[in-house]
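Opening the notebook on a new chain today. I want to go through the fold, the salt bridges, the cores and a few odd spots, one entry at a time.

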Amino acid sequence: MKKYKINPRRIKSSRLKKLHDNLENIGDLSGVVHDESTNEIITGNQRSKVMDINQCEIVLEKEFSKPDSQGTTAIGHILWNDKKYFYRRVKWTEEQRMKACVLGNTNAGEWNFTDLGDSYSSKNLLEWNVSTDFIPEMTENENKN
């Protein structure tokens, strides 16, 4: 496999190292991560709201007799609108929950605005509901072309 040819995201080596460490210590934070100790959704709160997760079926594909090194106790998927979405159940400490909540909402990479402006229009990004925080910078790059 190779990276998508017009991916406008980049990551510095120091942030890549942090991402590596976080993946090893607390695992993948995409999808919905649910802590069984507190019955709280740690990451994926907005997806859970859209899905109305309490009305969805959660299918566990693998359960562990005790938490693994990342605190995972089960993995599976959420069924919503006849589609599958990643689900992970964990048993974490309060510190792990806090760390995961912040990291799950922090992008490791950064936008390369030149690449973004060369390949994507601000109109499309707005239509796709991408954060508009960087649109002025991108528009400046579009106007230079």
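**Entry 1: an arginine and its partner.** I started with arginine 89, which counts as buried at 15% relative accessibility, since the cut-off for buried is under 20%. This is a predicted model, so I take everything here as computed. What does arginine 89 pair with? I found a salt bridge from glutamate 63 to arginine 89, with the closest N and O atoms 3.1 Å apart. The pair ties together distant parts of the chain: glutamate 63 sits in strand E4 (residues 57-63) and arginine 89 in strand E6, 26 residues apart. Glutamate 63 is exposed, at 51% relative accessible area.

**Entry 2: the other salt bridges.** How many salt bridges does a search of the whole structure find? I get five. One of them joins arginine 97 and aspartate 35, whose closest N and O atoms are 3.3 Å apart. That pair also links distant parts of the chain, with arginine 97 in helix H3 (residues 94-103) and aspartate 35 in strand E2 (residues 32-35), 62 residues apart. Are arginine 97 and aspartate 35 buried or exposed? Both are buried. I also noted that salt bridges with shared partners join Asp35, Glu94 and Arg97 into one network.

Then I looked at lysine 17 and aspartate 21, whose side chains meet in a salt bridge at 2.8 Å, N to O. Both lie in helix H1, four residues apart, about one turn of the helix. Lysine 17 is partly exposed at 48% relative accessible area, and aspartate 21 is partly exposed at 27%.

**Entry 3: overall layout.** I stepped back to the whole chain. I count six helices and seven strands, in the order β-α-β-β-α-β-β-β-α-β-α-α-α along the sequence. Of the 145 residues, 30% count as buried. Among contacts with a separation of 6 or more, 50% come from residues 24 or more positions apart. The accessible surface comes to about 10100 Å², and 50% of that belongs to carbon and sulfur atoms.

**Entry 4: the cores.** Which residues make up the largest nonpolar core? I listed seven: Ile26, Leu29, Val33, Ile42, Val90, Trp92 and Ala100. In soluble globular proteins, nonpolar side chains tend to be buried together. I followed tryptophan 92 from there. Leaving out residues up to four places away in sequence, tryptophan 92 touches Ile26, Leu29, Val33, Asp35, Ser37, Ile42, Gln70, Gly71, Arg97 and Ala100. That list takes in Asp35 and Arg97, the two partners of a salt bridge from Entry 2. A second, separate core has six residues, including Met51, Ile53, Cys56 and Tyr87.

**Entry 5: cysteines.** I checked for disulfides and found zero. Cysteine 56 is buried, at 15% relative accessible area. Cysteine 101 is partly exposed, at 34%.

**Entry 6: greasy surface.** I noted a nonpolar patch on the surface made of Ile11, Leu16, Leu19 and Leu23, with about 310 Å² of accessible area together. Leucine 19 belongs to helix H1 (residues 13-26). Why does leucine 19 count as partly exposed? Its relative accessible area is 34%, and partly exposed covers the range between 20% and 50%.

**Entry 7: tyrosine 85.** Tyrosine 85 is in strand E6 (residues 83-90), and at 30% relative accessibility it counts as partly exposed. What does tyrosine 85 touch, not counting residues up to four places away in sequence? I found Met51, Gly76, His77, Ile78 and Trp80. Met51 is also a member of the second core. I looked at isoleucine 58 too: its C-alpha atom is 9.4 Å from that of tyrosine 85, with their positions 27 residues apart along the chain.

**Entry 8: the loop ahead of E6.** Last stop was the loop between strand E5 (72-80) and E6, where asparagine 81 sits. Asparagine 81 has a positive phi of about 50° although it is not a glycine. Aspartate 82 is found in that loop between E5 and E6 as well, and has a positive phi of about 60°, again without being a glycine. Asparagine 81 is exposed at 53% relative accessibility, and aspartate 82 is exposed at 78%.

Definitions and conventions: Residues are numbered from 1 along each chain as its sequence is written. This is a predicted model: local features need pLDDT of at least 70, side-chain atom pairs count only at pLDDT 80 or more; totals for chains, interfaces and linings use all residues. Side-chain values use heavy atoms; hydrogens and water are left out. A nonpolar core is a set of buried Ala, Val, Leu, Ile, Met, Phe, Trp, Tyr and Cys residues joined through side-chain atoms within 4.5 Å. Buried means under 20% relative accessible area, exposed over 50%, partly exposed in between (1.4 Å probe, protein chains only). Contact means heavy atoms within 4.5 Å. A disulfide is a pair of cysteine sulfur atoms within 2.5 Å. Patches are made of residues with over 30% relative accessible area and no salt bridge: like charges are joined within 9 Å, nonpolar side chains (Val, Leu, Ile, Met, Phe, Trp, Tyr) within 5 Å. Accessible areas come from the Shrake-Rupley method with a 1.4 Å probe; for residues, only the protein chains shown count as cover. A salt bridge is a side-chain nitrogen of Lys or Arg within 4 Å of a carboxyl oxygen of Asp or Glu. Helices (H or I, at least four residues) and strands (E, at least two) are DSSP runs, numbered from the N terminus.
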